[in-house]
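User: Please take a close look at one part of this model, the strands that pair with one another, and describe how they are arranged.

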Amino acid sequence: MNLSERDKKHNWHPYTQHQTAASFPAIVKGKDALLWDENGKEYIDAIASWWVNPYGHSNTFIADAIYKQLTTIEHVLFGGFTHEPAVVLSEKLMEILPPNQKKIFYSDNGSTAVEVALKVALQFNYNKGIQKTKIIAFEDAFHGDTFGAMAASGITFFTEAFQGSLLEVIRIPVPTPGNEEKSIITLENLLETNEFAAFIFEPLVQGAAGMVMYSPEILDKLITICKKNKVFTIADEVMTGFGKTGKTFACNYLNKLPDMMCLSKALTGGTIPMAITTFTQEIFDGFLDEDINRALFHGHTFTANPTGCAAALASIELLQTIETQNNIQRINQSHLTFENAIKNHPKVKTTRVLGVIFALQIKTNSEESYYGNLRNKLYAFFIESGIILRPVGNIIYILPPYIITEVQLQKVYSTIEKALEII
């Protein structure tokens, strides 16, 4: 019995209907932008293993940092203690984060980073005796699968089984070109009620919605409106953070800065689960009191795990190298060239590029469901072709590791072109 068959006996995979799912390839090895399954088949990882692995698989620089940390102290509780990797990482993050971010709270993954931000927004007002219990988010947002993050998410099939058990979240239109004024007016009307603690958003790119993009100028306007009405702004940079948009953070494109930021995925270079929520000094100060009950009673067993901190420090060092920055620019230029070549294809509706992110929307006669027949056909074709891509409905996107070679990238492009011919 091979690994794929043994997997079926006990493992429950995410986002999977196991009654209809085929066997999954069993990956046994990875190096740089490539993965190999148990049969020796090679795959180009064109989505950096769900956006977490920008520096390539089996990266020896990160592995060495992890090994060194493991031989010193692998983990110590962060409640009542501290340690050098967490202190050094927080200092390093302060150098690269927007200047208004002053405090860091560690957790485990993107969902929990969002969960912390939402709880802080709500409790800050509670500590002040202010009744603000609602959240604003974009339509078609995705912020994670824990209850607070799920409430903020707008893709209904992720959350419909839990309606009635979630925070109250009101949605505004995504300010894509042509929808900017509608988004602004909707936000302004909502804030007249003075019921909202925070506005959470994926800055510039909605990942799970299919790499939907909007401008930094319109986001500046929405943040300004929130600040005027004393509503906290939360930038969910779980996907966009650490170079994906061409800058270290998507918020680096903004003139108006968010009050909180959520980071995970590429934070540790795809090695160890870790997340961070960052805050302004004002927010942190809202929890200072002689009354212990006004403290933030939230924590995780592996908060500020030293090994994860060491991996994150190594990952940030790699991000800041000239080689990585040149690779990001190279991939962006290759995407723009491919976009120019493919955008007038008769089956292509729209294309968009930001940083290392490329997205292509296919023309269809009817609305395609998220995991519909077209998506499944495309996904199977890509896997058969040795390319790991996960289309969203009728949208194909590429978000590769920065270490992908030009030859590998061109193979991804040519495979997408072939896919357009089979649908």
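Analyst: Two strands pair if DSSP finds at least two bridges between them; strands (E, at least two residues) are DSSP runs, numbered from the N terminus. The model is a predicted one, in which local features need pLDDT of at least 70, side-chain atom pairs count only at pLDDT 80 or more, and totals for chains, interfaces and linings use all residues. Residues are numbered from 1 along each chain as its sequence is written, and side-chain values use heavy atoms, with hydrogens and water left out.

Strand 2 covers residues 34-37 and pairs with strand 1 as well as with strand 3. Strand 1 (residues 27-31) runs antiparallel to strand 2, and 4 bridges join them. Here lysine 31 lies opposite leucine 34 of strand 2. These two strands form a hairpin with 2 residues between them, where aspartate 32 adopts a positive phi near 55°.

On the other pairing, strand 3 (residues 42-45) is antiparallel to strand 2 over 3 bridges. Leucine 34 has isoleucine 44 as its bridge partner in strand 3. This hairpin has 4 residues between its strands, and glycine 40 in the turn shows a positive phi of about 90°.

In a regular strand the side chains alternate between the two faces of the sheet. In strand 2, Leu34 and Trp36 lie on one side, while Leu35 and Asp37 lie on the other. Both faces are covered, as these four residues are all buried, that is, under 20% relative accessible area with a 1.4 Å probe and protein chains only (exposed is over 50%, partly exposed in between).
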